[in-house]
Amino acid sequence: MATSSSPVSEVADRYAQSLFDLARDDGAIETVEGELASFRTLIEENGDFRRLIESPAFSADDQLKAITAIVDNVQPSPLTGNFLKVVARNRRLFVLPGMIRRFGELATAHRGEIEAEVTTAQPLGDEDREALRQAIGSYAGKTVTMRERVDPAILGGLIVKIGSRQIDTSIRTKLNSLKLALKEVG
């Protein structure tokens, strides 16, 4: 898997690796992974929380107080709760999405799986989901964990991301390619 050399991704990788090592030693990989997935959803769906982690306008103290209140309310495992507090105390909340993504990658690799992000124009049915999981699994030679997104803007088809690879069979991309080819002809 290709890794990015940006300072932000390096910070995210270091924090995620540290948390993963602690979770592995405690036998809590699945627990922490699930809790982090809930925080990923919170980041995606709650604009106030997203602003808290993205904005440099909040002091470390403000971020720590807010994260402490959230941890007290949600009550994740002590490992996840303490991790989030350390990240806030060190003013690293802005890389939390990268940390969560990287932890998930480490956890799936630990289980001998790969994670595929699948984007479709409409939700997949159970039969289609299973057929896609089997197809990706035979391509990759591993068990597949799929994270699904719905984006009506792709019109149809699907986009599959596995690590740094992307397979785009969306109608939007095909139409854009056709437009480009027609411009070259005309």
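**Figure 1. Helices H2 and H3 pack against each other in this predicted model.** Let us start with two neighbours in the sequence: helix H2 covers residues 29–45, and helix H3 covers residues 47–54. Two packed helices are described by the angle between their axes and the distance between the axes. Here the angle is about 100° and the axes lie 6 Å apart. Angles of 65 to 115 degrees count as roughly perpendicular, and H2 and H3 are therefore roughly perpendicular to each other. Which residues make the contact? From H2 come Phe39, Leu42, Ile43, Glu44 and Glu45, while H3 brings Gly47, Phe49, Arg50 and Ile53. Sorted by character, the residues of this contact are five nonpolar, one polar and three charged.

**Figure 2. A look at the second largest pocket and its lining.** Rolling a probe the size of a water molecule over the atoms shows where empty space is left. The second largest pocket has a volume of about 160 Å³. Which elements each supply at least two residues of its lining? They are H2, which you met in the first view, helix H6 (96–110) and strand S2 (143–150). Among the lining residues you can find Glu33, Arg40, Phe103, Glu115 and Met146. The whole lining divides into five nonpolar, two polar and five charged residues.

**Figure 3. Four strands form an open sheet.** Strands of a sheet pair through backbone hydrogen bonds, either parallel or antiparallel. In this sheet the strand order is S2-S1-S3-S4, and the pairing is mixed. Where are the edges? They are S2 and strand S4 (165–168), each of which pairs on one side only. From one strand to the next, the twist averages 20°.

**Figure 4. Strand S1 meets strand S3.** Strand S1 spans residues 113–120, and five bridges join S1 to S3. These two strands run antiparallel. For a landmark, find Val118, which stands opposite Val160 in S3.

**Figure 5. Strands S3 and S4 form a hairpin.** Strand S3 (residues 158–162) runs antiparallel to S4, and how many bridges join them? There are four. Follow two of the partnerships across the hairpin: Ile159 has Asp168 of S4 as its bridge partner, and Lys161 has Gln166 of S4. Two residues lie between the strands, and in the turn Gly163 has a positive phi of about 60°.

**Figure 6. Stepping back to the whole protein.** After the close-ups, here is how the pieces fit into the chain. The protein has eight helices and four strands. Along the sequence these follow the pattern α-α-α-α-α-α-β-α-β-β-β-α. The C-alpha trace spans about 60 × 35 × 30 Å along its principal axes.

Technical notes:
Residues are numbered from 1 along each chain as its sequence is written. This is a predicted model: local features need pLDDT of at least 70, side-chain atom pairs count only at pLDDT 80 or more; totals for chains, interfaces and linings use all residues. Side-chain values use heavy atoms; hydrogens and water are left out. Axes are lines fitted to C-alpha atoms, for helices over the stretch in contact, and angles run from 0 to 180 degrees between N-to-C directions. Angles under 35 degrees count as roughly parallel, over 145 as roughly antiparallel, 65 to 115 as roughly perpendicular and the rest as oblique. Contact means heavy atoms within 4.5 Å. Ala, Val, Leu, Ile, Met, Phe, Trp, Tyr, Cys and Pro count as nonpolar, Asp, Glu, Lys and Arg as charged, and the others, Gly among them, as polar. On a 1 Å grid over the protein atoms alone, a cavity is a set of points where a 1.4 Å probe fits but cannot get out, and a pocket is an open set with protein on both sides within 12 Å along at least five of seven lines; lining residues have an atom within 4 Å of a point. Grid points are joined across faces, edges and corners, and a volume is the space filled by probe spheres set on the points. Two strands pair if DSSP finds at least two bridges between them.
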